[in-house]
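Student: I have this one open in the viewer now. Can we go through it together?
Tutor: Yes, go ahead and ask as we look.

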Amino acid sequence: MKFVNPRGGSSTNSGLDGFFSISERGSTVSREIRGGLATFFTMAYIVVLNPLILGFGKDADGQVLGDGSAPNIPMIAAATAFVAGVLTILMGLVARAPFAIAAGLGLNAFVAFGIATDMSWEDAMGLVVLEGIIIAVLVLTGFRMAVFQAIPAQLKTAISVGIGLFIALIGFVDSGFVRGNAAPPLTMGIAGEIISWPMFVFVVGLLTTIVLLVRKVKGAILIGIVSATILAIVVEALANVGPATLADGTKNPAGWQLNVPTFGDVFGLPDLSLLGQFSLFGGIGKVGVLAAVLLVFTLLITDFFDTMGTVVGVGTQAGLVREDGTLPRTREILFVDSIAAAAGGAGSVSSNTTYVESAAGVGEGARTGLASVITGLLFLLATFLSPLVSVVPYEAAAPALVVVGFLMMTSVKSIEWDDFEISIPAFLTIVLMPFTYSIANGIGAGFVSYVLIKAVRGKAREVHPLLWVVAALFALYFALGPVKVLLGLQ
């Protein structure tokens, strides 16, 4: 049931009720607590997935995030939960809205596979901090809406869909279900067959998550990860599968891709040494000003529009959206979200953003920031459970990436495929992200082709001036390689 927020006025209640406007928004303390719990259990999977995405990538020096030589999944998990907890509480206290914050899926993949590969992890996280600072300035100056309006809505949709396919591909590849070959370039499993126990766990986990999702079970993704992990532990205990790479370096194609699922420690003091490990301007020195600007811009665009869509969508579900399309304390909501982006980089866990899973809490009755405070406190508690994530093999977590990819792709129906002026740029945006393993390439191709098509059809004036600038930057970005060859620099 949706509650339509009263226009104007102020609550006469005092204390907790008055601060969060609980009665004014038609809620109760018990509903807010229940909503906070629902949101946490719906999005708690990020504490597992974010370390597996970031921990699996390598920077330009071949180092992984954390210790450098090998993935430190519990360390990344602790930092992920800590930053999410602090920023979600801040959202509740400052914006007083039922929105939770955590490391953004898609954004973390871009940082791991699109930025860190060209520089150190500290440099990559520094660019994330810069992105957050820029968004904060855009919020304070009111420029954020201008940028939002510059890009066609259907191109924004294509960006989200493309990231969804990219995330799904990561899940399929890193689970070993899809593998590279000489011919064909990609195939299923080992020599085209599902013949290993880890792939069996992946398939069962994926089907389980799908069943839970279609049955509309709350926390379907988290339940899917947990159930697949339990199955993996049982399989390893009975079959003694072992890792994909043995201690002597020998490859075991039928082994577990990341963690061997053996039950170990559950509780432990959180290792937060990742916090503060960033270099604000190091990335600019490594890749140059133009490339750094484009990387920051790609982060900004993705974060920018995901947040605005989430806030409006969840806010509408909560009955908080006014007739003019704004929400109470919109400025505060967007400002905290921008601070979260910078905090994610400063915490070495990628840009943090407002989560659409907040809708789960709203569905349970949450209408105020008290629900966010509850969710944030649970994330802080989860920092003490970070050793548990080292039990989860990639085959148990990867189904969640595939399902999240599906959820992000569902908006593809809003693209007008009969209109070539938008459908061709949208198509290029969507397919080039997974096909080139780069979110930036997809966004750039979409912007450049959109401007080009409008220009050749005599509709150049329909293109926002800001989009001309962005397209020109991306065109220069794509031309850097040939230009260097012509100049004898490469």
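**Salt bridges, helices and hollows**

Tutor: Lys-286 and Asp-123 make a salt bridge through their side chains, 3.0 Å from N to O. Lys-286 sits in helix α11 (residues 282–287) and Asp-123 in helix α6 (residues 121–141), so the pair ties together parts that are 163 residues apart in sequence. Keep in mind that this is a predicted model.

Student: Is Asp-123 buried or exposed?
Tutor: Asp-123 is buried, since its relative accessible area is 6%, and the cut-off for buried is under 20%.

Student: How many salt bridges does the count come to?
Tutor: The count comes to six salt bridges. Another one pairs the side chains of Glu-421 and Lys-454, at 2.8 Å from N to O. Glu-421 belongs to helix α17 (residues 420–435) and Lys-454 to helix α18 (residues 439–456), so this bridge ties together parts that are 33 residues apart in sequence.

Student: And are Glu-421 and Lys-454 buried or exposed?
Tutor: Glu-421 is buried, at a relative accessible area of 5%. Lys-454 is buried too, at 7%.

Student: What does Lys-459 meet in a salt bridge?
Tutor: The side chain of Lys-459 meets that of Glu-421, at 2.8 Å from N to O. Lys-459 is in the loop between α18 and α19 (465–486), while Glu-421 is in helix α17, so the pair ties together parts that are 38 residues apart in sequence. Lys-459 is partly exposed, with a relative accessible area of 28%.

Student: Which residues end up in one network there?
Tutor: Glu-421, Lys-454, Arg-457, Lys-459 and Glu-462 are joined into one network by salt bridges that share partners.

Student: Changing topic. Why is helix α3 called largely enclosed?
Tutor: Helix α3 covers residues 46–54, and nine of its nine residues are buried, so the rest of the structure largely encloses it. Its buried residues include Ile-46, Val-48, Asn-50, Pro-51 and Leu-54.

Student: Where does Val-48 lie relative to the second largest pocket?
Tutor: Val-48 is one of the residues that lie nearest the centre of that pocket, along with Leu-222, Val-226, Leu-385 and Leu-388. The lining has 20 residues, and the pocket's volume is about 520 Å³.

Student: Which elements give two or more residues to that lining?
Tutor: Those elements are α2 (29–43), α3, α10 (220–239) and α15 (369–382). The largest share is six residues, and α10 supplies it.

Student: What about cavities, how many does the search find?
Tutor: Searching the whole structure gives three cavities of 30 Å³ or more. The second largest cavity has a volume of about 40 Å³.

Student: What lines the second largest cavity?
Tutor: Its lining residues include Gly-35, Thr-39, Phe-99, Ser-358, Val-362, Ala-371 and Thr-375. At least two residues of the lining come from each of α2, α14 and α15.

Student: What is in the loop between α14 and α15?
Tutor: Thr-368 is in that loop, which runs between α14 (358–363) and α15. Thr-368 counts as buried, at 0% relative accessibility. Its C-alpha atom is separated by 6.3 Å from that of Ile-22, and the two residues are 346 residues apart along the chain.

Student: Now the surface. Which residues form the nonpolar patch?
Tutor: Phe-19, Leu-90, Leu-93, Val-94, Leu-140, Phe-335 and Ile-339 form it, and together they have about 510 Å² of accessible area. Helices α4 (73–95) and α13 (330–346) each supply at least two of the patch residues. The most comes from α4, with three residues.

Student: Take Leu-90, then. Where is it found, and why does it count as partly exposed?
Tutor: Leu-90 is found in helix α4. Its relative accessibility is 33%, so Leu-90 counts as partly exposed.

Student: And Asp-337, which helix is that in, and is it buried or exposed?
Tutor: Asp-337 is in helix α13. Its relative accessibility is 0%, so Asp-337 counts as buried.

Student: What does the Asp-337 side chain contact?
Tutor: The side chain of Asp-337 is joined to that of Thr-354 by a polar contact of 2.7 Å.

Definitions and conventions: Residues numbered from 1 in each chain as written. Predicted model: local features only at pLDDT ≥ 70, side-chain atom pairs only at ≥ 80, totals over all residues. Heavy atoms only, no water. Patch = residues over 30% accessible without salt bridge, like charges linked within 9 Å, V, L, I, M, F, W, Y side chains within 5 Å. Areas by Shrake-Rupley, 256 points an atom, 1.4 Å probe, with all protein chains shown as cover. Salt bridge = Lys/Arg side-chain N within 4 Å of Asp/Glu carboxyl O. Helix = DSSP H or I, 4+ residues; strand = E, 2+ residues; numbered from the N terminus. Buried < 20%, exposed > 50% of the residue type's maximum accessible area, 1.4 Å probe, protein only. Polar contact = N/O pair within 3.5 Å; in protein donor to acceptor, adjacent residues only side chain to side chain. 1 Å grid on protein atoms, 1.4 Å probe; cavity = no way out; pocket = protein on both sides within 12 Å on 5 of 7 lines; lining within 4 Å. Points joined across faces, edges and corners; volume = space filled by probe spheres on them.
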